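Subject: A structure for you to look through

Dear colleague,

I am handing over the structure that we talked about, and I would be glad if you would open it beside this email. Below the display I set out what was found in it, one topic at a time.

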Amino acid sequence: EGGQSALRTNEKSFSHYFTKDWKIYSDKISKFIVKTHEKCPNLIFDRLSRIYKHIYIDEVQDLSGYDFDVVTNILKSVNNVLLVGDPRQCTYSTNNLPKYKLYNTGGVKEFYLKFWHTLCELDENTLQFSHRNEKAICDLSSLLYQSFKPTETCACCVDEDEHLGVFIVPRSGIDHYLNNYKPTQLRLTAKTEVNHNFAFMNMGIAKGLTLDRVLLYPTTDMLKWLIDSNHKLADATRAKFYVGLTRPKLSLGIIVEDKTVVQYIDKFVIYEY
């Protein structure tokens with residue numbers, strides 16, 4: 001791929017879609033497909049329908065711009081299409097084009113209700129159970145998106161481990177917690193210092209992973225939300241926070257400053273060491 005292209009190039013020109021060495025710009029892939037389909041209606045989607053009986057598309061919450069048109073044409077052409085996604089995990093966007101801007105940040109359900117409701121069925125029940133998270137983790141993460149039905153823990157997640165649930169970890173106890181439980185450290189960005197002797201990654205990168213234990217380094221806004229779940233978070237921050245909260249199977253440690261621990265006593269278990 002050729003990365004992001006200049007927005008103001010003429011869409012009829014070669015340079016709008018391709019670099020000089022014929023690499024397609026990543027933000028123009030779906031637009032190029034749609035424009036090609038408009039010129040040659042039987043070239044792409046009709047051919048797909050003759051090759052594939054089933055098409056599966058994952059992470060549909062990350063669709064944006066012309067991606068929606070590509071999927072619309074697939075739905076119209078292929079008999080068996082399964083789309084899977086979680087609007088709460090919209091941590092990535094394929095492009096920043098203005099088309100369908102209203103739906104470009106996790107608005108796939110709203111797009112379905114307006115454009116796809118006659119092309120496919122919406123199922124919000126089959127995947128309502130978490131096969132990863134312990135109950136306390138499900139309860140906390142569900143508060144981030146209160147317009148959605150709360151996630152329930154599947155019976156397969158029941159575990160007899162001695163350290164289960166959500167814990168507030170005083171900053172002075174980070175090393176003790178890391179040595180005791182060996183969690184993966186999650187942070188919003190690389191600017192946050194972590195202990196490099198233990199596994200770590202950014203929250204957005206962790207999407208899709210299942211980890212036994214997590215130690216989360218929250219931002220100031222995330223800490224405010226933990227005290228008051230009505231505190232406003234930026235959409236991208238909320239989505240990455242949700243990803244961070246929902247990675248662990250067994251335990252989730254959340255770091256706070258020692259002097260603020262008392263603010264969390266009524267809602268959380270405090271890690272003692």
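Before we turn to packing, please keep in mind that contact here means heavy atoms within 4.5 Å. Please also remember throughout that this is a predicted model.

With that meaning of contact in hand, we can begin with helix H5, where Ile 137, Cys 138, Leu 140, Ser 141 and Ser 142 are buried. Which elements do the buried residues of H5 pack against? They pack against strand E3 (129–130), strand E4 (152–153), E5, H7, H8 and E9. At the start of this helix, a side-chain oxygen of Glu 134 comes to within 2.9 Å of the backbone nitrogen of Ala 136.

Leu 140 of H5 is a good residue to follow further, since, when residues up to four places away in sequence are not counted, it touches Val 166, Trp 225, Leu 226, Leu 245, Leu 252, Ile 254 and Phe 268. Leu 140 also belongs to the largest nonpolar core, which has 27 residues, and it is listed with Leu 144, Leu 226, Phe 241, Leu 245, Leu 252 and Ile 254 as having the most contacts inside that core. At least two residues of this core come from each of helix H5 (135–142), strand E5 (165–170), strand E8 (211–217), helix H7 (220–227), helix H8 (235–245) and strand E9 (248–256), and the largest share, 4 residues, is supplied by H8. A second core, separate from this one, has 20 residues, among them Ile 57, Phe 68, Val 108 and Tyr 112. As background, nonpolar side chains in soluble globular proteins tend to be buried together.

Stepping back to the whole chain, you will find 8 helices and 10 strands, and a C-alpha trace that spans about 65 × 40 × 30 Å along its principal axes. Of the 273 residues, 46% are buried. Among the contacts in the chain with a separation of 6 or more, 68% are between residues 24 or more positions apart.

The chain is divided into domain 1 (14–116) and domain 2 (129–270), whose C-alpha centres lie 33 Å apart. Where the two meet, 10 residues of domain 1 are in contact with 12 residues of domain 2, and the area buried between them is about 910 Å², with carbon and sulfur atoms giving 56% of it. On the domain 1 side, Arg 88, Gln 89 and Thr 91 lose the most area to domain 2, and together they account for 74% of what that side buries.

Is Asp 62, in the loop between strand E1 (54–57) and helix H3 (67–77), buried or exposed? Asp 62 counts as buried, because its relative accessibility is 8%, which is under the 20% limit used for that word. Its side chain makes a polar contact, at 2.8 Å, with the side chain of Lys 207. Apart from neighbours within four places in sequence, the residues in contact with Asp 62 are Asp 67, Gln 89, Cys 90, Thr 91, Tyr 92, Ser 93, Thr 94 and Lys 207.

Cys 90 also leads to the matter of disulfides, of which a search of the whole structure finds 0. Why does Cys 90 form no bond with Cys 120? The sulfur of Cys 120 is the closest cysteine sulfur to that of Cys 90, but the two are 18 Å apart and therefore too far for a bond. Cys 90 is itself buried, with a relative accessible area of 13%.

Two backbone angles deserve a careful look, because most residues other than glycine have a negative phi. Glu 59, although not a glycine, has a positive phi of about 55°; it is placed in the loop between E1 and H3 and counts as partly exposed at 32% relative accessibility. Tyr 100, again not a glycine, also has a positive phi of about 55°, and its place is in the loop between strand E2 (80–83) and helix H4 (108–116).

Finally, Leu 83 is found in strand E2 and is partly exposed, with a relative accessible area of 21%. Leaving aside neighbours within four places in sequence, Leu 83 is in contact with Ile 57, Val 60, Val 71 and Trp 116.

With best wishes

Key: Residues numbered from 1 in each chain as written. Predicted model: local features only at pLDDT ≥ 70, side-chain atom pairs only at ≥ 80, totals over all residues. Heavy atoms only, no water. Disulfide = S-S within 2.5 Å. Buried < 20%, exposed > 50% of the residue type's maximum accessible area, 1.4 Å probe, protein only. Core = buried A, V, L, I, M, F, W, Y, C linked by side-chain atoms within 4.5 Å. Polar contact = N/O pair within 3.5 Å; in protein donor to acceptor, adjacent residues only side chain to side chain. Domains from an automatic or database assignment. Buried area = accessible area lost by both parts, 1.4 Å probe.
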